[in-house]
Amino acid sequence: GPNFPDGTAKAMNDWARRNRRSESLGFGGHSYYRIVPTARYGQTHPEYYGLNAGKRFFLPKSKHGWQICTSNEDVVQLAIDYARELFENGNEIVSVSPNDSGGFCQCEACENQGSVTDRAVILANRVAEALAEEYPDRLVGLYGYMEALAPPSVPVHENVVVFLCRNESRLHDLTFDWFESMFSPANARWREEVLDGWTAKAKHL
């Protein structure tokens, strides 16, 4: 990952405390591996995991390098149940975000949903919509990260908050200067191609 300027971590935690987020942002980060744990479903429901090279793929001993089949309705329900349980336990934000690294599903149903970003947004939207009446003031968190950094073509539900990960800009042939303001000329292209695109689709960033 990037080398953060001195004091960045402390500043983030200070911001979180001022905004009543305890000592951290309370987001949860990568979460597909928690929503569909391989130890529970790997052997009995391989269809819950991403299709790669014609086979359902997951890594039993790793949290990353594989993804779930976001178009599978059972997987959608697992994501809803996962978020509901955490909301019941008091979480204000629950992450419904891809695992680290690649392995995104190549099945026809997932590819018909659109880009990797679109698929991640559609799943987060489904969870947010299902729980909006029950938990109107809670948010579903989503990483705009790696393949899912590019802005979506679909609207983002108003109860979804997107966390953009600038360090993955290199995958999209973009640069981000960590030592310059986001609004400096050095970061103009990132702002125009990433931030402005997401701002057009999402209420919370």
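This briefing describes the fold, core, strand pairing, aromatic pairs and internal spaces of one protein. The structure is a predicted model. The protein has 205 residues, of which 44% count as buried. Its secondary structure comprises seven helices and five strands. A search of the whole structure finds two cavities of 30 Å³ or more, and six aromatic pairs are also found.

**Overall architecture**

- Read from the N terminus, the order of the elements is α-α-α-β-β-α-β-α-α-β-β-α.
- The seven helices include helix 4, at residues 73-88, helix 6, at residues 116-131, and helix 7, at residues 188-199.
- Strand 4 covers residues 139-144, and strand 5 covers residues 160-164.

**Nonpolar core**

- The largest nonpolar core contains 43 residues, and the members that touch the most others are Ile 35, Val 36, Val 127, Val 160, Leu 164 and Trp 190.
- Two or more residues of this core come from each of helix 2, helix 4, helix 6, strand 4, strand 5 and helix 7.
- Helix 4 provides the largest share of this core, with eight residues.

**Strand 5 and its partner**

- Five of the five residues of strand 5 are buried, so this strand is largely enclosed by the rest of the structure.
- On one side of strand 5, the buried residues are Val 160, Val 162 and Leu 164, while Val 161 and Phe 163 are buried on the other, so that both faces are covered.
- Strand 5 pairs with strand 4 in the parallel sense, over five bridges.
- Within this pairing, Leu 164 of strand 5 is the bridge partner of Gly 144.
- Val 160 and Leu 164 of strand 5 are also among the residues that touch the most other members of the largest nonpolar core.

**Aromatic pairs**

- Among the aromatic residues, Tyr 49, Phe 58 and Trp 66 are linked into a cluster by ring pairs.

**Largest cavity**

- The volume of the largest cavity is about 80 Å³.
- Its lining consists of Tyr 32, Gln 67, Ile 68, Thr 70, Pro 98, Phe 104, Cys 105, Cys 110, Val 116, Arg 119 and Ala 120.
- Helix 6 contributes three residues, the largest share of the lining of this cavity.
- By class, the lining of the largest cavity holds eight nonpolar residues, two polar residues and one charged residue.

**Second largest cavity**

- The second largest cavity encloses about 30 Å³ of space.
- The residues that line the second largest cavity are Phe 87, Ala 128, Leu 131, Ala 132, Tyr 135, Arg 138, Val 140 and Asn 159.
- This lining divides into six nonpolar residues, one polar residue and one charged residue.

**Second largest pocket**

- The second largest pocket has a volume of about 160 Å³.
- Arg 34, Ile 35, Pro 37, Arg 40, Tyr 41, Leu 78, Asp 81, Tyr 82 and Glu 85 form the lining of the second largest pocket.
- At least two residues of this lining are supplied by each of helix 2 (32-35), helix 3 (38-41) and helix 4 (73-88).
- Helix 4 gives the most to the lining of this pocket, with four residues.
- In the lining of the second largest pocket, five residues are nonpolar and four are charged, with no polar residues.
- Ile 35, one of the lining residues of this pocket, is also among the residues that touch the most other members of the largest nonpolar core.

Key: Residues are numbered from 1 along each chain as its sequence is written. This is a predicted model: local features need pLDDT of at least 70, side-chain atom pairs count only at pLDDT 80 or more; totals for chains, interfaces and linings use all residues. Side-chain values use heavy atoms; hydrogens and water are left out. On a 1 Å grid over the protein atoms alone, a cavity is a set of points where a 1.4 Å probe fits but cannot get out, and a pocket is an open set with protein on both sides within 12 Å along at least five of seven lines; lining residues have an atom within 4 Å of a point. Grid points are joined across faces, edges and corners, and a volume is the space filled by probe spheres set on the points. Ala, Val, Leu, Ile, Met, Phe, Trp, Tyr, Cys and Pro count as nonpolar, Asp, Glu, Lys and Arg as charged, and the others, Gly among them, as polar. Buried means under 20% relative accessible area, exposed over 50%, partly exposed in between (1.4 Å probe, protein chains only). Two strands pair if DSSP finds at least two bridges between them. Rings of Phe, Tyr and Trp (its six-membered ring) pair if their centres lie within 6.5 Å; planes under 30 degrees apart count as stacked, over 60 as edge-to-face and the rest as tilted. A nonpolar core is a set of buried Ala, Val, Leu, Ile, Met, Phe, Trp, Tyr and Cys residues joined through side-chain atoms within 4.5 Å.
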